[in-house]
Amino acid sequence: MSEKGAIRHKLTETIAEYMLKVKEGGGSINGMLRTGYVCDPRYRNHEVPPGHPERPERIGALLALMERYSRDELVKIEPRAAAIEEISANHDRRYIDQVRATADKPHIAFDPDTHAYSESYETALLSAGGFLSLIEHIMAGKVDNGFAMVRPPGHHAEADRAMGFCFFNNVAIGARYLRSRYELDRILIVDWDVHHGNGTQRSFYADKSVLYVSLHQYPHYPGTGDVGDVGVADGMGFTVNIPFPGGCGDDEYAAAFRRIVEPISRRFVPQFVLVSAGFDAHRRDPLSQMRLTREGFEAMTRSLVAVARDHYALEESVAGVLDELGGNDLGVELPHGGGAETVLDAVARVHKRFWKL
Ligand SMILES: [Zn+2]
């Protein structure tokens with residue numbers, strides 16, 4: 001377990017897309033859930049300029065972690081490259097061609113943060129595709145949930161624009177895939193990366209089938225994610241921004257989950273939960289002023305696992321009671337909030353007209 005803590009300190013930008021399928025029976029009920037993960041040495045092939053915070057070494061650290069880390073029911077899943085059709089469900093063809101044109105070129109900068117080298121395009125396809133592989137395994141019932149340790153990251157990428165280290169929006173492509181291939185109607189995306197996921201928000205801003213909930217430092221890069229940004233048209237109320245001031249930590253995030261994320265998510269009744277799980281709100285991450293610890297990330301994960309499993313049936317409830325009776329603490333009780341109450345009051349005020357809060 002200490003390795004897991006150690007690795008989080010090394011992470012500085014979104015690389016993880018964590019997913020939890022709502023259980024519809026199957027899988028182990030009394031034992032641990034089967035977790036699939038994608039982690040492949042080819043994710044190192046996307047190079048960056050010297051000193052760039054989103055480095056190939058992060059994958060090396062995760063590969064080393066996964067050599068050491070063991071848990072029952074952990075399944076390694078081979079990533080595949082995403083097809084152009086799958087990418088184009090979320091990105092303009094012309095933009096995809098622009099990224100494709102960087103293949104085998106020595107270096108092309110999209111903005112001061114976002115650089116493509118000769119293998120970046122191919123790696124970006126493998127990044128989105130790794131996420132899709134995981135979704136396929138979950139939907140086929142081979143695993144219950146999963147963790148994609150992929151790069152380049154995705155949540156800043158817009159339909160027609162690379163930015164903030166991101167080329168293709170992995171989580172948005174995943175949500176589109178769940179909509180089209182599996183015909184799901186309600187997908188929850190929780191984005192706890194310290195930066196606002198402007199690309200993801202834009203993709204589903206008018207779409208009520210995808211509920212986007214972001215907790216982020218504000219104001220901070222990329223400048224979006226105001227509390228008043230709630231979606232438009234059919235999507236009104238299906239974008240929820242929790243813009244925290246710098247300095248927030250476990251207590252504030254726990255309060256946000258208790259007051260906003262959990263109640264809204266439960267009323268939405270998601271069929272699939274996707275997480276943009278950047279670890280840059282960690283207190284030792286230099287890219288932000290947030291103070292989350294390993295326990296904070298664990299509490300958020302526990303809360304979302306509970307949301308994902310929430311409405312499935314009696315057998316699970318009985319199993320939960322049996323677990324508790326056996327002293328197996330799976331509780332989702334979260335500690336009380338600190339100085340971010342005013343932000344949460346504002347979020348609750350804004351979203352009260354959409355959700356019972
Ligand atoms: Zn970030």
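In this predicted model, helices α8 and α9 pack against each other at an angle of about 10 degrees. Their axes lie 10 Å apart. An angle under 35 degrees counts as roughly parallel, and α8 and α9 are therefore roughly parallel to each other. Helix α9 spans residues 294-309, while α8 covers residues 250-268. On the α8 side, the contact is formed by D250, Y253, A254, F257, E262, S265 and R266. On the α9 side, the partners are E295, G296, A299, M300, S303 and V307. By residue type, this contact of α8 with α9 divides into 6 nonpolar, 3 polar and 4 charged residues.

Helix α8 also packs against α11, which runs over residues 341-351. Here the angle is about 15 degrees, and the axes are 10 Å apart. That angle makes α8 roughly parallel to α11. The crossing of α8 past α11 is left-handed. From α8, the residues A255, A256, R259, I260 and I264 take part. They meet L344, V347, A348 and H351 of α11. The contact of α8 with α11 comprises 7 nonpolar residues, 1 polar residue and 1 charged residue.

Helix α11 has a buried side. Its buried residues are V343, L344, V347 and H351. These residues lie on the same side of α11, because they cover an arc of only 95 degrees around the axis. Their cover includes strand β9, at residues 239-244, and α8. The other side of α11 carries the exposed residues T342, D345 and R349. L344, V347 and H351 are thus named twice: they are buried, and they belong to the contact with α8.

The segment after α11 contains L357. How exposed is L357? It has 16 other C-beta atoms within 10 Å, and so it is partly exposed. A residue needs 20 or more such atoms to count as buried, and 12 or fewer to count as exposed. Leaving aside residues up to four places away in sequence, L357 touches P263, A348, H351 and K352. Of these, A348 and H351 also appear in the contact of α11 with α8. L357 and I260 are 97 residues apart in sequence. In space, their C-alpha atoms are 7.4 Å apart. I260 is itself one of the α8 residues that meet α11.

Across the whole protein, the secondary structure comes to 11 helices and 10 strands. The protein has 357 residues, and 49% of them are buried. Among contacts with a separation of 6 or more, 77% join residues 24 or more positions apart.

Helix α6, at residues 170-180, is mostly covered. Of its 11 residues, 9 are buried. The buried residues are N170, V171, A172, I173, G174, A175, R176, Y177 and L178. The loop between α6 and β7, a strand at residues 187-191, holds E183. E183 is not a glycine, yet its phi is positive, at about 55 degrees. With 8 other C-beta atoms within 10 Å, E183 is exposed.

Most residues other than glycine have a negative phi, and most peptide bonds are trans. The loop between β8 and β9 holds exceptions of both kinds. Strand β8 spans residues 210-217, and P219 lies in the loop that follows, between β8 and β9. The peptide bond from Y218 to P219 is cis, with omega near -5 degrees. P222 lies in the loop between β8 and β9 as well. Y221 and P222 are joined by a cis peptide bond, with omega about 0 degrees. A233 is another residue of this loop. Its phi is positive, at about 50 degrees, although A233 is not a glycine. A233 counts as exposed, with 9 C-beta neighbours inside 10 Å. The loop leads to β9, and β9 is among the elements that cover the buried residues of α11.

Conventions: Residues numbered from 1 in each chain as written. Predicted model: local features only at pLDDT ≥ 70, side-chain atom pairs only at ≥ 80, totals over all residues. Axes fitted to C-alpha atoms, helices over the stretch in contact; angles between N-to-C directions. Helix = DSSP H or I, 4+ residues; strand = E, 2+ residues; numbered from the N terminus. Parallel < 35°, antiparallel > 145°, perpendicular 65-115°, else oblique. Left-handed = near helix turned anticlockwise from the far one by under 90°. Contact = placed C-beta atoms within 7 Å. Nonpolar A, V, L, I, M, F, W, Y, C, P; charged D, E, K, R; others polar. Arc of directions from axis to C-beta.
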